[in-house]
Amino acid sequence: ALPDTCEIVRVTRTPDGAWGCTETTATVATVPCRAAPAGQNESQIAARLSIAAAWMVTLPAGTDVREADRIVCRGRTWEVALRLEYPYALACRVLCREVR
């Protein structure tokens, strides 16, 4: 069950011609989701990635979500740290860190 709806926001960086870059954000999709604190197995992966309070966000299979994308749901924002890939997956699961 994917009881909530979230926005997937992608940050794009373009050179500004002065040795820096300009960041722009765009919502690339609005999809159903479920967000919950990471379970024990996912927390072990998160610890290796130095993520203190990890969240697992479940999205429909085939959702275009990438590492460093942001997921906005219920007034919270998470940054995708790792997309978990499974053969024949029925859903897309991403391990995230909360952005405050």
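Start by selecting Asp69 and showing what surrounds it: beyond the neighbours within four places in sequence, Asp69 is in contact with Ile8, Val9, Arg10, Asp64, Trp78, Glu79 and Val80. Keep in mind throughout that this is a predicted model.

**Stop 1: around Asp69**

Colour by secondary structure and find Asp69 in the loop between β3 (54-60) and β4 (70-73). Is this loop residue buried or exposed? Switch on the surface to look: Asp69 has a relative accessible area of 3%, and because the cut-off for buried is under 20%, Asp69 counts as buried. Leave Trp78 displayed, since this contact of Asp69 leads to the next stop.

**Stop 2: the tryptophans**

Now add Trp55 to the selection. Which kind of aromatic pair do Trp55 and Trp78 form? The structure holds 1 aromatic pair, and in it Trp55 and Trp78 are tilted, with 45 degrees between the planes and 5.3 Å centre to centre. Trace the backbone from each ring: Trp55 belongs to strand β3 and Trp78 to strand β5 (residues 76-84), so the pair ties together parts that are 23 residues apart in sequence. Both rings' residues can be checked against the surface too. Trp55 is buried at 12% relative accessibility, and Trp78 is buried at 0%.

**Stop 3: the whole chain**

Clear the selection and zoom out to the cartoon. You should be able to pick out 1 helix and 6 strands. Walking along the sequence, you meet them in the pattern β-β-α-β-β-β-β. Along the principal axes, the C-alpha atoms fill a box of roughly 45 × 30 × 30 Å.

If you draw contacts across the chain, residues 24 or more positions apart account for 51% of those with a separation of 6 or more. Buried residues make up 30% of the 100 residues in the chain.

**Stop 4: surface and charges**

Turn the surface back on, this time coloured by element. The accessible surface comes to about 6,300 Å², and 52% of it belongs to carbon and sulfur atoms. Next, select the charged side chains: there are 12 positive and 11 negative charges, and their mean positions are 5 Å apart.

**Stop 5: confidence**

Finish by colouring by pLDDT. The chain has a mean pLDDT of 92, and 100% of its residues reach 70 or more. Where among the elements is the mean pLDDT lowest, and where highest? Select helix α1 (residues 40-48) for the lowest, at 84, and then β4 for the highest, at 96. That brings you back beside your starting point, as Asp69 lies in the loop between β3 and β4.

Technical notes
Residues are numbered from 1 along each chain as its sequence is written. This is a predicted model: local features need pLDDT of at least 70, side-chain atom pairs count only at pLDDT 80 or more; totals for chains, interfaces and linings use all residues. Side-chain values use heavy atoms; hydrogens and water are left out. Helices (H or I, at least four residues) and strands (E, at least two) are DSSP runs, numbered from the N terminus. Buried means under 20% relative accessible area, exposed over 50%, partly exposed in between (1.4 Å probe, protein chains only). Contact means heavy atoms within 4.5 Å. Rings of Phe, Tyr and Trp (its six-membered ring) pair if their centres lie within 6.5 Å; planes under 30 degrees apart count as stacked, over 60 as edge-to-face and the rest as tilted. Accessible areas come from the Shrake-Rupley method with a 1.4 Å probe; for residues, only the protein chains shown count as cover. Lys and Arg count as positive and Asp and Glu as negative; His and the chain ends are not counted. The place of a charge is taken as NZ of Lys, CZ of Arg, CG of Asp or CD of Glu. pLDDT is the predictor's confidence in each residue, from 0 to 100.
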